[in-house]
Amino acid sequence: MVSERSAAPAGAEVLVASNRGPVSYGLAEDDTLTAKRGGGGLVSGLSAIGPGTDAVWVCAALGAGDREAVRRTGGALDPADTGGQRVRMLDIPAEMHAAAYNGIANSVLWFVHHMLYQTPLEPVFDAELRAQWASYEAYNRAFAQALADEAAEGAAVLVQDYHLSLVPGMLRALRPDVRIAHFSHTPWAPPEYFRMLPDDIAEQLLRGMLGADRLGFLTHRWANAFRACCAEVTGGTEGTLIGVHGLGADAGFLRERSQQADVHERLAALREQIGTGPDGMARKAVVRVDRTELSKNIVRGLLAYRELLAEHPSWHGRVVHVAFAYPSRQDLAVYREYTAQVGRLAEEINSEYGTESWRPVVLHVKDDFARSLAAYRLADVALVNPIRDGMNLVAKEIPVVSDQGCVLVLSREAGAHEELGEDALTVNPYDVSDTARVLHEALSMEAGERGERTARLAAAATALPPAQWFLEQLRALREESPKRDAP
């Protein structure tokens with residue numbers, strides 16, 4: 001454990017820590033670096049705190065371009081590349097990062113919290129896990145040290161997600177004067193699943209997070225699951241406050257962006273791909289937009305659509321499943337196979353039911369945000385059926401930009417269901433037949449009811465937009481959290 005006091009504070013009043021930062025770099029053959037700024041709730045939130053606040057974002061270098069940028073800048077990135085934000089990028093050794101990120105965060109913690117293991121065969125926690133865990137500890141320690149170095153006296157530090165679960169406890173030991181929050185963007189596993197982890201690692205994870213003054217979760221369900229795990233493993237939450245902040249959609253950005261020219265172009269192209277049915281009317285569109293992440297449940301969604309076509313031949317030629325399945329984590333074999341399975345199943349459905357004039361599944365695998373927005377606008381039905389999801393912003397974004405109203409078919413295991421379930425059509429993500437039945441109900445819904453539901457969904461989806469979501473946590477950390485001492 002880290003115990004010694006760090007160097008004198010450098011002055012940042014607000015600090016954000018996350019694996020991925022607000023900017024990434026590409027390295028050309030001529031050694032030119034090109035910066036690409038990202039988006040999302042954290043970027044919006046940090047920009048919302050105001051130019052008068054001294055803030056810094058600590059993140060990891062994720063590729064060759066990032067590492068070269070760190071080498072040239074010492075890790076303090078050029079504000080011209082970051083939109084004016086102060087960013088400190090850490091050049092954590094590539095092998096250490098791979099073991100911590102892929103070995104532990106994405107192959108263990110993600111699988112635990114999303115309950116993805118095929119338990120007759122996995123997990124197997126052996127010597128390899130212990131070696132990877134040592135890298136995860138070192139990775140977290142590097143972040144804790146960087147935050148300690150950058151923080152002003154009494155600074156507010158907001159640590160993000162399962163990649164950095166140990167940082168709060170490590171940082172508390174280094175800098176007992178700072179206020180620390182940790183936010184979980186994933187679900188939290190119930191105790192009986194969480195305790196598949198080796199006992200010492202399970203306890204270390206919880207105690208690491210309990211080093212924070214305040215912990216944030218996306219839903220009450222995930223917060224309660226965390227409390228239950230603590231009750232079993234650590235005996236309680238040890239004075240750490242727990243809050244729920246349901247990240248919402250950014251209505252202003254989405255509505256403005258969805259009306260730009262590139263979206264209009266893709267909208268026209270998608271409508272042409274969908275085409276018209278035998279009656280000359282535009283075909284209905286069942287839309288999904290996901291990464292090919294195991295928890296997103298794309299395969300069962302396709303199986304449900306196939307069963308819809310089998311059970312309701314009246315939809316033949318009158319509906320198209322527009323499925324955007326953007327490859328994710330392709331450096332892991334299980335994800336590569338899952339992505340391939342999605343493609344195979346889409347082709348099977350098209351071979352079984354398609355005709356010269358009707359392609360039942362339109363599958364796109366190349367990430368294209370403008371095309372995703374176009375699909376949001378034309379969707380008659382949105383299929384969001386994850387096995388388990390911390391929130392699922394797609395479920396919140398589609399009603400916000402829908403042109404004619406959209407029926408949301410939503411898994412009860414998505415965090416978004418806590419806020420949207422009343423006006424969505426709920427499905428059990430494992431029940432393919434019932435999902436097919438609900439898709440038929442959604443496609444058959446009258447326009448008036450569909451529009452009314454969409455309006456209510458959009459209002460609920462935008463109740464806590466990203467900037468407000470971030471500022472609410474910052475305010476709570478500063479005003480509600482009692483001062484904690486180092487353990």
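**Exercise 1.** In this predicted model, decide whether helix H14 (residues 393-401) is largely enclosed by the rest of the structure or not.

*Solution.* Start with the cut-off: a residue is buried when its relative accessible area is under 20%. In H14, the buried residues are Val-394, Ala-395, Lys-396, Glu-397, Ile-398, Pro-399, Val-400 and Val-401. That is 8 of the 9 residues, so H14 is largely enclosed by the rest of the structure.

**Exercise 2.** Find which residue caps the N-terminal end of H14.

*Solution.* Look at the backbone nitrogen of Val-394: a side-chain oxygen of Asn-392 lies 3.2 Å away. The cap is therefore Asn-392.

**Exercise 3.** Describe the second largest pocket by its volume, its lining and the classes of its residues.

*Solution.* The space in this pocket comes to about 850 Å³. Its lining has 31 residues, with Phe-111, Leu-116, Glu-122, Leu-294 and Val-334 nearest the centre. Helices H3 (94-113), H4 (127-150), H11 (298-311) and H12 (333-353) each give two or more residues to this lining. H12 gives the most, namely 6 residues. Sorted by class, the lining has 20 nonpolar, 6 polar and 5 charged residues.

**Exercise 4.** Examine the backbone of the loop between H3 and H4 at Met-115 and Pro-123.

*Solution.* Begin with what is usual: most residues other than glycine have a negative phi, and most peptide bonds are trans. Met-115 has a positive phi, near 55°. With a relative accessible area of 30%, Met-115 is partly exposed. Next, the peptide bond from Glu-122 to Pro-123 is cis, and its omega is near 5°.

How values were computed. Residues are numbered from 1 along each chain as its sequence is written. This is a predicted model: local features need pLDDT of at least 70, side-chain atom pairs count only at pLDDT 80 or more; totals for chains, interfaces and linings use all residues. Side-chain values use heavy atoms; hydrogens and water are left out. Buried means under 20% relative accessible area, exposed over 50%, partly exposed in between (1.4 Å probe, protein chains only). Helices (H or I, at least four residues) and strands (E, at least two) are DSSP runs, numbered from the N terminus. A polar contact is a pair of N or O atoms within 3.5 Å; within protein, one must be able to donate a hydrogen and the other to accept it, and residues adjacent in sequence count only if both atoms are side-chain atoms. On a 1 Å grid over the protein atoms alone, a cavity is a set of points where a 1.4 Å probe fits but cannot get out, and a pocket is an open set with protein on both sides within 12 Å along at least five of seven lines; lining residues have an atom within 4 Å of a point. Grid points are joined across faces, edges and corners, and a volume is the space filled by probe spheres set on the points. Ala, Val, Leu, Ile, Met, Phe, Trp, Tyr, Cys and Pro count as nonpolar, Asp, Glu, Lys and Arg as charged, and the others, Gly among them, as polar.
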